[in-house]
Amino acid sequence: MVKDRRGRGLTDLRISLTDRCNLRCTYCMPKEVFGPDYEFLRKSEWLTFRELDDLVEAFVQLGVRKIRLTGGEPLLRSGINKYIYGLKHIHKIEDIALTTNGLRLAERAGELKAAGLDRVTVSLDALDAEIAGQMNGRGIAPRAVLAGIAAAQHEGFHVKVNMVVERGVNDGEILPMARYFKERGITLRFIEFMDVGNHNGWKMDRVVSGQEILEKIQSEFAAEPIDLSSQGEVAKRYRYADGSAEFGLITSVTQPFCRGCTRARISADGKLYTCLFASTGLDLKAYLRADDYDSAKLLQFLSSHWVQRDDRYSELRTQGGTDRKKIEMSYIGG
Ligand code: SAM
Ligand code: SF4
Ligand code: SF4
C-alpha cells in the first residue's frame, strides 16, 4: 500500500458528485454568499461517471477499499443509482457510503439499497423546527429528513446521523437529539463546528468541544467508550450502557486526528485534495482528458502525489499561520 511522508496509507476515497445543494446551511453554504449570483461549476466541468470509473480503478490499486459519495447534495446528481451499481458489482468496492441531507431520502432509499449502497449518513442539526430551519438556511422543518432516516432504516441500512454543534445556536438540541436517536438504535455523531471554507464566520468560541458534549450526555445517560473499529476512524465512539445505541464525537478542532487520516477527496470537477483544509488540488480532469491519457501513468502520478503528502492542518490550527484561503465544504464534501 502507498504511504505518505507521515506513514499514512490511503484507504478511503470521498467523491463529490456535485457542488450544488438544495439547502443553505449557515455553517457550510451561507445564503448570503451562495445566493442566485453564485457561480457553481457548470455540469460540463463535472467528471463523468466513466472518468470517475478510471480514477476509482487506480485508487483501488493504491489501497482504497471504502468510498463515500458526497457533495453538495449527492442525491441531486442524476444517474447515481447506476453509478453505485457499477462501484459495487464491477469495481467490487467493499464499502460504499453516502452522505446526504436526507431531504429526498424517503423516496430514494429503496433504489439506493437495490443499487448496492452499503451505508447512509444523514445530516441533521436539530429536532426543533425553528432551529433546524434556521441552520439549514431554508426554513425547512426536520420532518422530511426524519422520514428519510426511517425509510433508510426500514431498507436495512445502518444509518448514522451527523449533527454539527454550534454554541448558542443548537447546543440546546444535544440532549433531545441524543434521546430521539438512542430510542431508535441510530448512531448520532456530534461534529465540532469547523473552520472549513471561508464564509461561515467560524470562531473558536462557537465550538462546543466533544468533551463538553460528552459530559452533557453523561449527565443523563451512562455511556462507555468503544475501541476504534478501523484505521482511519475519525469518530470517538461510545455505547450507551443499556446497549440501546452508540454515539460518536468528531473532535477535529479540540482533538485533531491527522495522524490517522488516510483519506483522499475528489471534487466534482476532478481535483484531488489530500486535506479538507487545502487551498489547491491536483487537476486530474486535465490528465484524464489529455490525448495521451494512460492508466499506468495515472497510477504512477497518483502514487507519487500521495507519497509527497504531509497534511496536518488540524494539528497546526492552534499554532496560527493557517489563515489562508481554503476550499469550500460544499465543493469538497466533508
Ligand atoms: N449535503 C450532504 C450533507 O449535508 O450531508 C453532503 C455534503 S456536507 C458538506 C457533508 C458533511 O459536512 C455534513 O454532515 C455537514 O454537516 C458537514 N459540515 C459542513 N460544514 C461543516 C462545518 N463548518 N463544520 C463541521 N461540519 C460541517
Ligand atoms: Fe448542503 Fe450538506 Fe452543505 Fe448543508 S452541509 S449546505 S446540506 S452540502
Ligand atoms: Fe486529514 Fe487534513 Fe483533517 Fe488532518 S486536517 S484530519 S490531514 S483532512
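This passage describes the sheet, the aromatic pairs, two ligand shells and two single residues of a predicted model.

The sheet comes first. It is open and has 12 strands. Their order is β7-β8-β9-β6-β5-β4-β3-β2-β1-β10-β11-β12, and the pairing is mixed. The edges are formed by β7 (223-225) and β12 (282-283), each of which pairs on one side only. Strands of a sheet pair through backbone hydrogen bonds, either parallel or antiparallel.

The pairing can be followed inward from the edge strand β7. Strand β7 is joined to β8 (residues 236-240) by 3 bridges, and these two strands run antiparallel. In this pair, Ala223 stands opposite Tyr240 of β8. Strand β8 in turn pairs with β9 (residues 246-250), again in the antiparallel sense, over 4 bridges. Here Arg237 faces Gly248 of β9, and Arg239 faces Glu246 of β9. Strands β8 and β9 form a hairpin with 5 residues between the strands. Within this hairpin, Gly243 takes a positive phi near 75°.

Strand β9 also pairs with β6, this time in the parallel sense and over 4 bridges. Arg189 stands opposite Gly248 of β9. Gly248 of β9 is thus the partner of Arg237 and also of Arg189. Of the 5 residues of β9, 4 are buried, so the strand is largely enclosed by the rest of the structure.

Next in the order comes the pair of β5 and β6. Strand β5 (residues 158-165) and strand β6 (residues 187-192) are parallel and are joined by 6 bridges. Asn162 is found opposite Arg189 of β6. Helix α5 (residues 143-154) packs on the sheet. The helix touches β4 (119-123) and β5. The direction of α5 makes about 150° with that of β5.

The aromatic side chains are considered next. The structure holds 12 aromatic pairs. One of them joins Tyr238 and Phe247. Their rings are stacked, with 5.3 Å from centre to centre and 10° between the planes. Tyr238 has a relative accessible area of 12%, which means that it is buried. Phe247 is also buried, with a relative accessible area of 1%. Tyr238 and Phe247 belong to a cluster linked by ring pairs, together with Phe190, Phe221 and Tyr240.

A second stacked pair is made by Phe277 and Tyr313. The ring centres are 4.2 Å apart, and the planes differ by 10°. Both residues are buried. Phe277 lies in the loop between β11 (271-273) and β12, while Tyr313 lies in helix α10 (residues 313-316). The pair therefore ties together parts that are 36 residues apart in sequence.

Phe277 and Tyr313 also take part in the shell around ligand 3. The other residues around this ligand are Phe257, Cys258, Cys261, Arg265, Cys275, Leu276, Asp311 and Ser314. The shell divides into 7 nonpolar, 1 polar and 2 charged residues. Ligand 2 has its own surroundings: Cys21, Leu23, Cys25, Cys28, Met29, Gly72 and Asn101. This shell has 5 nonpolar residues, 2 polar residues and no charged ones.

Two single residues complete the account. Leu284 is placed in helix α8 (residues 284-288). What is the relative accessible area of Leu284? The value is 0%, so Leu284 is buried. Leaving aside residues up to four places away in sequence, Leu284 touches Leu55, Gly270, Leu272, Phe301 and Leu302. Leu272 is 12 residues from Leu284 in sequence. In space, the two residues are 6.7 Å apart, C-alpha to C-alpha.

Lys92 lies in the loop between α2 (80-89) and β3 (95-100). Is Lys92 buried or exposed? Lys92 is exposed, because its relative accessible area of 60% is over the 50% cut-off. The phi of Lys92 is near 55°, a positive value in a residue other than glycine. Most residues other than glycine have a negative phi.

Key
Residues are numbered from 1 along each chain as its sequence is written. Chains are lettered from A and ligands numbered from 1 in the order in which they are written. This is a predicted model: local features need pLDDT of at least 70, side-chain atom pairs count only at pLDDT 80 or more; totals for chains, interfaces and linings use all residues. Side-chain values use heavy atoms; hydrogens and water are left out. A residue is near a molecule or strand if one of its heavy atoms lies within 4 Å of it. Ala, Val, Leu, Ile, Met, Phe, Trp, Tyr, Cys and Pro count as nonpolar, Asp, Glu, Lys and Arg as charged, and the others, Gly among them, as polar. Two strands pair if DSSP finds at least two bridges between them. Contact means heavy atoms within 4.5 Å. Axes are lines fitted to C-alpha atoms, for helices over the stretch in contact, and angles run from 0 to 180 degrees between N-to-C directions. Rings of Phe, Tyr and Trp (its six-membered ring) pair if their centres lie within 6.5 Å; planes under 30 degrees apart count as stacked, over 60 as edge-to-face and the rest as tilted. Buried means under 20% relative accessible area, exposed over 50%, partly exposed in between (1.4 Å probe, protein chains only).
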